[in-house]
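The following paragraphs are an explanation for a reader who is new to this structure. Please keep the sequence and the model in view while reading.

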Amino acid sequence: MIKTVEWTSEGVRMLDQRLLPNEEKYLMLRSYEEVADAIKNMVVRGAPAIGVSAAMGLALGASQSVGTSVADLEYDFKFMCKVMEATRPTAVNLFWAIERMRGVFAKAKAQNIRDEEEIKKLLVEEALLIYNEDIEANRALGKFGGELIRDGATVLTHCNAGALATAGDYGTALGVIRGAIDAGKKVAVIADETRPFLQGARLTAWELAKDNIPVTVITDNMAGHVMKQGKVDCVVVGADRIAANGDAANKIGTYMVAVLAKQHNIPFYVAAPISTVDLATPTGEGIPIEERDSKEVTHVRDHQLTPEGVDVHNFAFDVTPHELIEAIITDRGVARAPYTESLRTLVNARSAHAP
Ligand code: MRU
């Protein structure tokens, strides 16, 4: 099983995704600042994975706090939460996980726990719970989504929404594919390379090949052509934030794929755990879109592609309007239009993990 991020007695262990597929190297992060930097710099990426990492980073930071009272720990913890929140703006799972950790602190205070060591322990437990729940959620959504994939299907996916984008194991969009395969179906994958960070070419291809799932990589601008040739049965992608009306932010280029799928009458599915649904954001208009360093566009690794000084855009995400989405596959079931109702019902449904 691919272990994207892990809690250890020495710190948070992460697979350095920047080096894949050429090198499989694990980093041991020994402070919350190192975890925050790892999120910012894409050592770890993918909405659920950065949520899990942020929770572990906060648990690590709190464990290392040297204050001698609950008030000291709270002061440090609040600062760490701010640092974590500033790492990446689009994936709501990051803020959701930080909120869960804040909730543990608030509950401990409400229960009058006066021993800061006890609160540190509770924070570590919560981070581990978030980790385990993510793995279970992806198994559950993989099962629901797997039912939508026909035997013998070829599925096109964009970016990497696999084990590497989550706590590990199954993934979301790739979880749906694994769910179908585990149900006995034959499935092949077409992976968009996903410029500029190449999550498809480097990461999706790597993890599918490792699992012996047939994968063919295409450049992003080939998607229309392969659809027109009848080579794609459906599209399954992940999401970084799903607004209350079903508009879904995902890796830049996803919107383009959804428009192409509509043109060719190919169902376009979004797969995400319920923690990716943000009912507080009414529509996709309200989703902050991260802009990253222009060097990701102008260079491949250290090789410069564009003329010196040329202007570039580097939007990391786009928003697919809900009209283009056939269904949203979550760990609590499959939502269909009208999404305002179906998503609200799923979010408010009692979680299998609720106390
Ligand atoms: O910039 P990234 O690599 O963090 O973007 C990742 C994506 O857009 C994924 O598709 C999304 O987070 C879903 S991951 C299960």
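**Domains, enclosed spaces and local features**

By class, six nonpolar, two polar and three charged residues make up the lining of the second largest cavity. The model in which this cavity is found is a predicted one. The space inside the second largest cavity comes to about 50 Å³. Its lining is formed by Met 42, Pro 196, Phe 197, Gln 199, Lys 251, Ile 252, Arg 292, Glu 296, Asn 314, Phe 315 and Ala 316. One of these residues, Pro 196, deserves a further remark. Pro 196 is placed in the loop between strand 5 (187–192) and helix 7 (199–210), and the peptide bond that leads from Arg 195 to Pro 196 is cis, with omega near 0 degrees.

To place the remaining features, the division into domains is a useful guide. The domain assignment of the protein gives domain 1 (5–139) and domain 2 (142–353). The contact between them involves 33 residues from domain 1 and 37 residues from domain 2. Taken over C-alpha atoms, the centres of domain 1 and domain 2 are separated by 25 Å.

How many cavities of 30 Å³ or more are counted? The count comes to two. The largest cavity holds about 180 Å³ of space. It is lined by 21 residues, of which Arg 45, Gly 46, Ala 47, Asn 160 and Asp 240 are the closest to its centre. Helix 2 (47–64) and strand 9 (248–251) each contribute at least two residues to the lining of the largest cavity, and helix 2 gives the most, with three residues. In terms of class, the lining of the largest cavity has nine nonpolar, eight polar and four charged residues. Both domains take part, since at least three residues of this lining come from each of domain 1 and domain 2.

Attention may now turn to a pocket. The second largest pocket has a volume of about 520 Å³. Among the 15 residues that line the second largest pocket, Phe 197, Glu 296, His 299, Val 300 and Arg 301 are the closest to its centre. Phe 197 and Glu 296 also appear in the lining of the second largest cavity. Helix 10 (295–298) and strand 12 (299–300) each supply at least two residues of the pocket lining. By class, the lining of the second largest pocket has five nonpolar, two polar and eight charged residues. Here too, domain 1 and domain 2 each provide at least three residues of the lining.

Individual residues add detail to this picture. Helix 2, already met at the largest cavity, contains Ser 63. Ser 63 has a relative accessible area of 34% and is therefore partly exposed. Leaving aside neighbours within four places in sequence, Ser 63 is in contact with Trp 7, Lys 120 and Val 124. Ser 63 and Lys 121 are 58 residues apart in sequence, yet their C-alpha atoms are 7.8 Å apart in space.

Asn 138 belongs to helix 5 (residues 116–146). Is Asn 138 buried or exposed? Its relative accessibility is 0%, so Asn 138 counts as buried. Apart from neighbours within four places in sequence, the residues in contact with Asn 138 are Thr 166, Tyr 170, Gly 171, Thr 172 and Pro 273.

The backbone has further features to note. Most residues other than glycine have a negative phi, and most peptide bonds are trans. Asp 169, although not a glycine, has a positive phi of about 75 degrees. Asp 169 sits in the loop between strand 4 (153–157) and helix 6 (173–182), and at 14% relative accessibility Asp 169 counts as buried. Asn 265, also not a glycine, has a positive phi of about 55 degrees. Asn 265 lies in the loop between helix 9 (254–263) and strand 10 (268–271), and at 72% relative accessibility Asn 265 counts as exposed. A cis peptide bond, with omega near 0 degrees, runs from Ala 337 to Pro 338, and Pro 338 is found in the loop between strand 16 (333–335) and helix 11 (339–348).

The cysteines complete the account. The count of disulfides comes to zero. Why does Cys 234 form no such bond? The closest cysteine sulfur, in Cys 159, is 17 Å from the sulfur of Cys 234, which is too far for a bond. Cys 234 counts as buried, because its relative accessibility is 4%. Cys 81 is buried as well, with a relative accessible area of 0%.

Notes:
Residues numbered from 1 in each chain as written. Predicted model: local features only at pLDDT ≥ 70, side-chain atom pairs only at ≥ 80, totals over all residues. Heavy atoms only, no water. 1 Å grid on protein atoms, 1.4 Å probe; cavity = no way out; pocket = protein on both sides within 12 Å on 5 of 7 lines; lining within 4 Å. Points joined across faces, edges and corners; volume = space filled by probe spheres on them. Helix = DSSP H or I, 4+ residues; strand = E, 2+ residues; numbered from the N terminus. Nonpolar A, V, L, I, M, F, W, Y, C, P; charged D, E, K, R; others polar. Domains from an automatic or database assignment. Buried < 20%, exposed > 50% of the residue type's maximum accessible area, 1.4 Å probe, protein only. Contact = heavy atoms within 4.5 Å. Disulfide = S-S within 2.5 Å.
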